[in-house]
Amino acid sequence: MKKIIEVKKLVKSYKELKAVNDLSFEVYEGEILGLLGPNGSGKSTTINSILSLINFDSGNIKIFGNKMSPNAYEIKKQIGVVFQDISVFDELNVKDNIDYFCGLYIKDKNVKKSYVNDAIKLVGLEEFVKFYPHQLSGGLLRRLNIACGIAHKPKLIFLDEPTVAVDPQSRNNILDGIKTLRDNGATIVYTTHYMEEVETICDRIIILDKGKIIANSTIDEVKKLAKIEEKVSVEVYNLKEKYINKIKEFPNVDKVSYNNQILQITYKKGRNNLIEITDYLLKEKIKYNSIYAERPTLNDVFLELTGKELRD
């Protein structure tokens, strides 16, 4: 596959802190790469280094096969960036905002008009083209922010928390739009705190921690790195401590917790654990309301690999 981004041996320090420590990875044409990590892991420093927004200590960065630099304007024209902070003009309406940002890259008036209409349609703002930013809900404002960043049809797009604090309808609209951008040929680097979004749209993920890559693969492959094999949850009232302690002694059990009348058992391996726990509850004549098993989620794996919540 064609390499769109190549990062080799990237190092960036802030005084004594190495924010990025000998980082190397690639991003390939037509994929959505999820760049994940707890706060302080090096995500922002990595992205800012790739975009030449900050100077780094050492390493090499290529985009579209060419060396990236602050003056690489031909490369930058093919990049779209949507940061978490809303960056639009309050005095311009929706259409004029998109037209302005598109016009920074597209000079042909007819092409620009077509691109602006495409961006409006992509984010579903057809009914709001005459609205000003202060008239928009948070979700609509996010959509406008995205439209402004991608209206010039960039080949490479960086999306930083594009769905933070938006309503479900806007979130679905934004995620559908991102997949459409990918299907139309764009390569996307995506950061988010919502693991369910990552599982929905990302083709591959990189997890950073302390400036280093601790996972770089498809979601299914990353899940295999975890020791978690299965989780079983049981809704059972007033479960006595002696039963909980006995369950902890089961051969494949890794962790057991009992909170708010929910018994949760994490297994290190095995596929028939549900039978084991139901047989035990039956034997001890313990009544329960519900029981179900599930495979580990990406959030489970993330916590195991980093030991931190994504929002730390």
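Biologist: Which residue in the turn of the β1 and β2 hairpin has a positive phi?

Modeller: This is a predicted model, so keep that in mind throughout. Strands β1 (residues 3–14) and β2 pair in the antiparallel sense over nine bridges. The hairpin they form has two residues between the strands, and the one in the turn with a positive phi, about 55°, is lysine 15.

Biologist: Which residue of β2 stands opposite glutamate 6?

Modeller: Strands in a sheet pair through backbone hydrogen bonds, parallel or antiparallel. β1 and β2 take the antiparallel option. Opposite glutamate 6 in β2 you find another glutamate, namely glutamate 26.

Biologist: And what is the bridge partner of isoleucine 5 in β4?

Modeller: β1 also pairs with strand β4 (residues 58–63), in the antiparallel sense and over five bridges. Within β4, the bridge partner of isoleucine 5 is isoleucine 63.

Biologist: Aspartate 22 has a positive phi although it is not a glycine. Is aspartate 22 buried, partly exposed or exposed?

Modeller: Most residues other than glycine have a negative phi. Aspartate 22, with a phi of about 60°, goes the other way, and it sits in strand β2 (residues 17–28). Its relative accessibility is 41%, and the partly exposed class runs between 20% and 50%, so aspartate 22 counts as partly exposed.

Biologist: Where is glutamine 261 found?

Modeller: Glutamine 261 is not a glycine either, yet has a positive phi of about 70°. At 26% relative accessibility, glutamine 261 counts as partly exposed. Its place is the loop between β12 (253–259) and β13 (262–267).

Biologist: Let's turn to the open sheet of six strands. Which strands stand at the edges?

Modeller: The strand order is β6-β7-β8-β3-β9-β10, with mixed pairing. An edge strand has a single partner, so one side of it is left without a neighbour in the sheet; that describes β6 (79–82) and β10 (212–217).

Biologist: What is the average twist from one strand to the next in that sheet?

Modeller: The sheet in question is the open one with mixed pairing. Going from one strand to the next, the twist averages 15°.

Biologist: Which residue of β10 is the bridge partner of leucine 208?

Modeller: β10 pairs with strand β9 (residues 204–209) in the antiparallel sense, over five bridges. The β10 residue bridged to leucine 208 is isoleucine 213.

Biologist: At what angle does helix α1 run to β3?

Modeller: Helix α1 (residues 43–50) lies across β3 (32–36), β7 (156–160), β8 (187–191) and β9. Helix α5 (residues 138–150) lies across β6 and β7, at about 160° to β6. For α1 against β3, the angle is about 130°.

Biologist: Which element gives the most to the lining of the largest pocket?

Modeller: That pocket has a volume of about 390 Å³. Of its 17 lining residues, the closest to the centre are Gly80, Val81, Val82, Phe83 and Tyr105. By class the lining has ten nonpolar, five polar and two charged residues. β6 and α5 each supply at least two of them, and the top contributor, with four residues, is β6.

Biologist: Which element gives the most to the lining of the second largest pocket?

Modeller: About 270 Å³ of space lies there, and of the 15 lining residues the closest to the centre are Leu122, Ile150, Lys153, Leu181 and Asn184. The elements giving two or more residues are α4 (109–123) and α6 (168–183). By class, this lining has nine nonpolar, three polar and three charged residues. With four residues, the one giving the most is α4.

Terms used: Residues numbered from 1 in each chain as written. Predicted model: local features only at pLDDT ≥ 70, side-chain atom pairs only at ≥ 80, totals over all residues. Heavy atoms only, no water. Buried < 20%, exposed > 50% of the residue type's maximum accessible area, 1.4 Å probe, protein only. Pairing = 2+ DSSP bridges. Axes fitted to C-alpha atoms, helices over the stretch in contact; angles between N-to-C directions. Contact = heavy atoms within 4.5 Å. 1 Å grid on protein atoms, 1.4 Å probe; cavity = no way out; pocket = protein on both sides within 12 Å on 5 of 7 lines; lining within 4 Å. Points joined across faces, edges and corners; volume = space filled by probe spheres on them. Nonpolar A, V, L, I, M, F, W, Y, C, P; charged D, E, K, R; others polar.
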